[in-house]
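Let's look together at how two protein chains meet. Have the structure open beside you as you read.

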Amino acid sequence: MTDTYGSNSQPLLPEGAIDGIVRQPPLDEQSAAPARSLGADAWEAMRRSPLFWISAALIVIFVLMAAFPGLFTNKDPYDCPLELARDAPSADAWFGRDLLGCDVYARTIYGARASILVGVLTAFVTAVIGVGIGTTGGYVGGWLDTLLSRTADVFFAIPLLLGGILIMFTFPSDYDTPYMVVIGKVVFALAILGWPNIFRLMRSSVMQVNPLEYVQAARALGGSPWRVVTSHVVPNSMVPVIVVSTIDLGAYIAAEATLSFLGIGLRPPAISWGQAISEASGLGYIRAAPHMLIFPSVFLSLTVLAFIMMGEVVRDAMDPKLR
Amino acid sequence: MGKFIVRRILQMIPVLLGATFLIFALVFLLPGDPTVGRCGERPCSPAYVAAFRAEYNLDKPFIVQYALYLGKLVQGDLGTNFYGNSVLHELAIRYPVTLKLALIAIAFEIVVGISAGVLAGIRKGKFVDNLVTVSTLLLISIPVFVLGGLAQMIFGIKLGWFPVTATEGTWYQLLLPGMVLGALSVAYAARLTRTNLVENLRADYVRTAKAKGLSPKRAIGIHALRNSLIPVVTYIGASFGALMGGAIVTERIFNINGIGYFIFRSITQRDGVSVVGAVVVLVFVYLVVNLLVDILYGVLDPRISHD
């Protein structure tokens with residue numbers, strides 16, 4: 001409620017802002033506090049947010065876990081004494097043992113690699129495709145833009161998970177498929193359906209930046225289209241893409257886990273959280289050995305949470321409207 | 001209005017054609033043998049491969065292939081799986097359960113999502129707002145299959161409030177799975193409502209409404225809320241896609257014999273004709289729902305031009 005009344009004072013601000021000259025701080029004030037860029041401003045805002053530090057810490061931990069699982073456990077995830085199957089958590093196996101007697105803790109640690117790889121690679125590939133095509137559409141315009149936008153509409157029309165199921169089903173993996181090939185397939189399936197998101201964002205932000213004075217000036221000074229685009233248009237349109245890519249990264253991790261859960265993402269011998277949860281969610285096991293379900297579920301959810309939270313913190317810091 | 005509807009439907013046609021073409025291309029055109037995974041965990045017999053190639057005209061040029069495929073699709077022919085059952089028939093006997101599940105999820109999304117969003121929006125920065133923000137963030141982060149397993153464990157087994165499985169598919173049995181399915185969309189709907197409401201409460205027209213002496217309830221409930229809900233309606237349409245993907249997972253967890261479980265079972269049995277047929281139908285349903293939402297949007301928001 002306070003907001004509604006608080007806005008009464010707002011008309012005072014634009015009066016100075018419209019002018020443009022008034023908005024400039026006086027010289028002495030400038031020398032007292034050096035002008036900060038948007039990035040530095042955002043960093044100042046983020047530094048004070050506990051959510052930023054929590055998500056950053058979680059991301060560092062999970063990335064380390066993906067890169068060097070040996071730092072977190074010295075157990076072999078493939079060492080599975082069958083006689084210990086479904087044992088409850090103990091000093092020997094902190095998270096208990098799964099259906100085949102494998103150590104749930106070791107498998108949960110080793111499972112991070114698949115999730116982080118798929119998430120990071122998919123976010124990267126969608127960003128590259130989306131930024132490339134989006135910049136082309138937004139900068140060139142005309143019939144090319146229409147064609148690209150309509151193409152993106154078609155890809156956008158297919159829900160991520162349904163399309164992912166179709167693609168993964170068409171390219172099945174079996175026991176002998178190399179690890180990176182399976183990861184590549186999942187990334188391909190998610191990226192081919194995910195790029196329109198980034199495309200739309202990039203296209204609209206390029207169209208906003210395009211008519212601004214510094215872009216016009218760069219063009220008037222004789223900058224080649226390539227130079228204008230790479231050194232002026234793209235760097236100034238990237239912020240929304242970075243934010244949304246971070247949030248999407250979390251969503252891609254969840255999508256990969258869902259595909260693995262359905263049995264068409266990663267399959268054994270690859271280790272993934274989705275698979276572990278799938279194995280553990282038989283009704284009898286939930287009752288008899290809930291530890292098989294809980295630990296991978298918590299790790300998966302925390303990873304997704306970390307990236308989504310990070311994206312939101314960055315967005316809030318970058319968006320001056322929300323301050 | 002009539003013109004607007006016709007235009008929207010006409011705009012939909014290229015997208016539908018494109019989407020079916022994309023699906024067709026993904027399934028039949030990409031390098032690889034399209035009969036892979038059509039016969040369970042073993043390679044197809046030469047007789048089946050020959051019959052399959054003939055049925056989908058795989059020896060003809062691909063444009064012809066696509067046209068013939070589309071022709072079949074329009075007539076509702078989704079193919080016959082290797083059990084000899086028509087996929088359309090399999091879907092027809094299962095859709096009522098999935099429809100119920102989706103209705104529960106959407107009702108949950110609308111009632112809980114919008115109320116939480118409104119509560120958070122009118123008390124921006126207060127405890128309720130923070131509570132809604134944090135709990136929606138958690139809901140967004142927990143994948144639907146994790147949530148399903150946890151809900152089953154806590155509410156079904158530990159507390160015993162709900163039936164653990166929903167084999168018969170009664171409304172009561174579907175309540176918990178429906179809420180699990182709708183949870184992600186509830187979170188987004190709540191956030192969207194909150195953001196829009198906060199923005200609209202600052203708007204001039206709300207101030208005018210208050211200034212001319214309307215009660216806060218009326219100024220918020222009638223003036224601000226109506227405008228804030230327009231994007232939420234669009235979101236609920238778009239969330240239908242995630243809902244159908246989620247139905248595959250939810251129905252698997254709770255043993256619900258609907259379309260989702262059919263797709264899941266077909267995946268594990270590597271019954272490709274059924275998987276592709278059923279998923280294509282779901283994509284179609286999604287597109288049609290979004291077309292309807294688009295039209296509804298035009299009705300709700302008079303600012304959208306109708307010429």
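Angles between helix axes that are over 145 degrees count as roughly antiparallel, while those under 35 degrees count as roughly parallel. Keep that cut-off in mind for this predicted model, in which 50 residues of chain B are in contact with 42 residues of chain A.

**Chain B's side of the meeting**
- Helices of chain B that give two or more residues to the side touching chain A include H1 (2-29), H7 (171-201), H9 (216-253) and H11 (272-300).
- By class, this side of chain B has 37 nonpolar, ten polar and three charged residues.

**One helix pair across the chains**
- Two packed helices are described by the angle between their axes and the distance between the axes.
- Helix H8 of chain A (residues 160-170) and H11(B) have axes that come within 10 Å and cross at roughly 155°.
- That angle is over 145 degrees, so H8(A) and H11(B) are roughly antiparallel to each other.
- The crossing of H8(A) past H11(B) is left-handed.
- From H8(A), A:Leu162, A:Ile165, A:Leu166 and A:Phe169 meet residues of H11(B), among them B:Val275, B:Val279 and B:Leu282.
- This contact of H8(A) with H11(B) has nine nonpolar residues, one polar and no charged.

**A kinked helix in chain A**
- Helix H9 of chain A (residues 179-209) has 31 residues, which at 1.5 Å a residue should span 45 Å; its end C-alpha atoms are 42 Å apart, so the two values agree.
- Within H9(A), a kink of about 40° lies at A:Ile192, shortly before the proline A:Pro196.

Definitions and conventions:
Residues numbered from 1 in each chain as written. Chains lettered and ligands numbered in written order. Predicted model: local features only at pLDDT ≥ 70, side-chain atom pairs only at ≥ 80, totals over all residues. Contact = placed C-beta atoms within 7 Å. Helix = DSSP H or I, 4+ residues; strand = E, 2+ residues; numbered from the N terminus. Nonpolar A, V, L, I, M, F, W, Y, C, P; charged D, E, K, R; others polar. Axes fitted to C-alpha atoms, helices over the stretch in contact; angles between N-to-C directions. Parallel < 35°, antiparallel > 145°, perpendicular 65-115°, else oblique. Left-handed = near helix turned anticlockwise from the far one by under 90°. Expected span 1.5 Å × (residues − 1). Bend = angle between axes of the 7 residues up to and from the residue.
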